[in-house]
Amino acid sequence: MARPSSIGDRLGRRLACHQALHDPLGEPRNRLAWLPELRRWQAARLEQSFGHFLADPRRRGAAMFFLTDVYGDQDFSRRDANVAKVVPMMQRLLPAAVLETVDDAIELGALTHALDLRMAEALASLAPRRKRLDEALYGQAYRQVGHRRLRARQIDLIAELGVGLARAVKMPGVLTLLKLSRGPAKATGLGELQGFLERGFAAFSALGDGKAFVRDIEQAEREVSRRLFADDPAPFR
């Protein structure tokens, strides 16, 4: 396990990267008309792909957490006016194992948003007059953006985040610590991260075998990515 100081350094860099990627002035692709349509379409696709999880009462909570918090491209840094002040507070509030999971979540959010910006840019080039996305156009943009290694890393992070939550819920006292840290977290601008962790812990506490659930998601998403790169006519079947 990494030393707390190294975790803090990484968190600071991740949050700064997150802020830069979401800055509409520094990153003008945030204003592309295709970006909200891309997010809407991806959310609908994931909800359809997660249909069997959502139909399972035992897995529904965890599936909803993945749909809204993990795949939802959360901007954890939106309320952090000063990253340098926020990170030390996180280190005081949360154990190192939980900080590692937070680090995975922020890296995943930054990578997802960076790829979405590239997708929106590709869509603007491929279909400047269209306003709606479909499977064929999505696949075309996905292949034009490419970056197989980054797509694989994105899925790696989804799995690492899920496994981290599955492990953390078994750590004695973590849920109590999260409840106790709710007030200080909100006061220091960490309310969004606090809420993310609380929802994740609640979902995985009720899940049972969290690692099996994460493994099922990981395998399914790797297959979807493989089909998209292979120009499969039905990549989401």
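Glu37 is buried, with a relative accessibility of 7%. Its salt-bridge partner is Arg40, and this pair is a good place to start looking around the model, which is a predicted one. In total, the structure holds 20 salt bridges, and a few of them are introduced below.

**A pair within helix 2**
- Between Glu37 and Arg40, the closest N and O atoms are 2.8 Å apart.
- Both residues belong to helix 2 (residues 34-49), where three residues, about one turn of the helix, separate them.
- Arg40 has a relative accessibility of 37%, so this residue counts as partly exposed, whereas Glu37 is buried.

**A pair within helix 12**
- Glu223 and Arg226 also meet through their side chains, in a salt bridge of 2.7 Å from N to O.
- You will find the two in helix 12 (residues 210-229), three residues apart, or about one turn of the helix.
- Arg226 is partly exposed at 46% relative accessible area, and Glu223 is partly exposed at 27%.

**A network of shared partners**
- Salt bridges with partners in common connect Arg10, Arg14, Glu100, Asp103, Glu107, Arg153 and Glu160 into one network.

**A link between distant parts of the chain**
- Arg10 and Asp103 form a salt bridge in which the closest N and O atoms lie 3.3 Å apart.
- This pair ties together distant parts of the chain, since Arg10 sits in helix 1 (residues 4-22) and Asp103 in helix 6 (residues 96-126), 93 residues apart.
- Asp103 counts as buried because its relative accessibility is 2%, under the 20% cut-off.

Terms used: Residues numbered from 1 in each chain as written. Predicted model: local features only at pLDDT ≥ 70, side-chain atom pairs only at ≥ 80, totals over all residues. Heavy atoms only, no water. Salt bridge = Lys/Arg side-chain N within 4 Å of Asp/Glu carboxyl O. Helix = DSSP H or I, 4+ residues; strand = E, 2+ residues; numbered from the N terminus. Buried < 20%, exposed > 50% of the residue type's maximum accessible area, 1.4 Å probe, protein only.
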